[in-house]
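These are my notebook entries on a structure that I opened to look up one sheet and two helices. I take the entries in the order in which I looked.

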Amino acid sequence: MLINNTDFIKLPLFIKGKVRNVYDLGNELLIVVTDRISAFDVVFSELIPNKGKVLNSISAFWFDYTKDVIGNHVITTDVSKYPAGLSQFREELEGRSMLVKKIEMVPAECIVRGYLEGSGLKEYQQTGSICGIKLPAGLRQGDRLPEPIFTPSTKESEGHDINVSYEVLCEKIGSELADKLKTASINLYKKASKHAESVGLILADTKFEFGMSDGELVVGDEMFTPDSSRFWAMDEYQPGRAQKSFDKQYLREYLESLTWDKQPPAPALPEEVIRKTEAKYIEAYEKITGQKF
């Protein structure tokens with residue numbers, strides 16, 4: 001079953017993201033992960049089979065795995081325990097949804113980089129730094145950094161988020177909260193990296209979102225999914241080039257080969273690209289969780 005629209009849920013829509021539809025249940029939210037896919041901030045009309053279930057299941061795995069590092073917003077992923085008559089939609093919601101606490105989100109995207117890639121690589125090539133953090137000279141694409149670095153960005157309601165220095169983040173949200181975000185982000189990255197390496201994956205970088213619940217900082221949104229993280233195959237890792245990855249990089253590389261200006265409307269995705277993208281997501285799930293999808 002492919003899910004795009006979730007109009008069958010007759011509850012107030014809290015927010016509609018590129019991939020997630022979130023519903024308001026008062027003190028709780030229902031997050032439904034659709035099979036939509038976006039790249040370069042553009043949502044495609046084609047759906048990727050099983051993508052929503054993979055993303056939701058990977059997040060659920062990591063929320064549970066890291067709960068000793070910091071609390072999170074998850075209440076349950078068991079559809080039979082959902083309120084407001086939602087359990088009648090078991091078939092549609094099973095595996096692709098979670099009931100979570102409504103938390104007050106901190107207006108920052110918390111990015112941790114352990115390796116040099118993406119926008120961090122571009123910035124390093126221009127300035128020798130990332131978000132004001134000076135790095136050793138001569139690093140290549142894909143090189144491991146001396147230690148994981150915290151490179152936050154602002155949360156923009158439209159368009160791209162903007163990378164900022166830690167000092168700017170302190171000015172925006174206060175140094176005490178900024179320090180808590182940095183510490184939690186680095187600790188989460190280190191724990192997940194260790195697990196990833198044990199299953200033959202490199203966690204190159206990732207991003208988190210945090211919020212406040214009853215005065216406590218908790219992690220929310222999604223965690224260590226192929227949409228929010230770069231996972232590389234350890235056995236094929238070779239700095240100085242792009243790595244074999246288990247994220248949207250395959251789709252991005254296909255799109256880079258087209259004469260598309262990265263503005264809507266999105267180009268149509270061939271069947272082969274859809275199938276290969278689905279396979280990447282499922283392979284990521286199976287490697288990370290050790291479970292057959």
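I count a residue as buried when its relative accessible area is under 20%. I keep in mind throughout that this is a predicted model.

**Entry 1: L121.** I looked up L121 and found it in helix α3, which covers residues 118-127. Its relative accessible area is 8%, and the cut-off for burial is under 20%, so I record L121 as buried. I then asked which residues L121 contacts once its neighbours within four places in sequence are left aside. They are L116 and Q141. I also noted the separation from R140: 19 residues in sequence, and 8.4 Å in space from C-alpha to C-alpha.

**Entry 2: the sheet.** I traced an open sheet of five strands in the order β1-β2-β3-β7-β6, and its pairing is antiparallel. The edge strands are β1 (13-16) and β6 (74-76), each of which pairs on one side only. From one strand to the next, I find an average twist of 30°. I looked next at the pair formed by β3 (residues 28-33) and β7 (residues 97-101), which is antiparallel and runs over five bridges. Within this pair, I found E28 opposite K101 of β7. I then turned to helix α1 (residues 51-65), which packs on the sheet. Helix α1 touches β2 (20-24), β3, β6 and β7, and its direction makes about 45° with that of β7.

**Entry 3: helix α7.** I asked how the distance between the end C-alpha atoms of α7 compares with the expected span. With 19 residues at 1.5 Å a residue, α7 should span 27 Å, and the end C-alpha atoms are 27 Å apart, so the two agree. The helix covers residues 271-289. Just after α7, I noted that G290 takes a positive phi of about 75°.

I listed the buried residues of α7, among them V273, I274, Y281, A284 and I288. The buried residues of this helix pack against α1, α5 (175-198), β14 (201-213), β16 (229-233) and α6 (249-256). Helix α1 therefore enters my notes twice, as it packs on the sheet and also against buried residues of α7.

**Entry 4: T277.** I closed with T277, which lies in α7. Is T277 buried or exposed? Its relative accessibility is 2%, so I enter T277 as buried. Leaving aside neighbours within four places in sequence, I find T277 in contact with I37, I48, Y250 and L251.

Key: Residues are numbered from 1 along each chain as its sequence is written. This is a predicted model: local features need pLDDT of at least 70, side-chain atom pairs count only at pLDDT 80 or more; totals for chains, interfaces and linings use all residues. Side-chain values use heavy atoms; hydrogens and water are left out. Helices (H or I, at least four residues) and strands (E, at least two) are DSSP runs, numbered from the N terminus. Buried means under 20% relative accessible area, exposed over 50%, partly exposed in between (1.4 Å probe, protein chains only). Contact means heavy atoms within 4.5 Å. Two strands pair if DSSP finds at least two bridges between them. Axes are lines fitted to C-alpha atoms, for helices over the stretch in contact, and angles run from 0 to 180 degrees between N-to-C directions. The expected span of a helix is 1.5 Å times one less than its number of residues.
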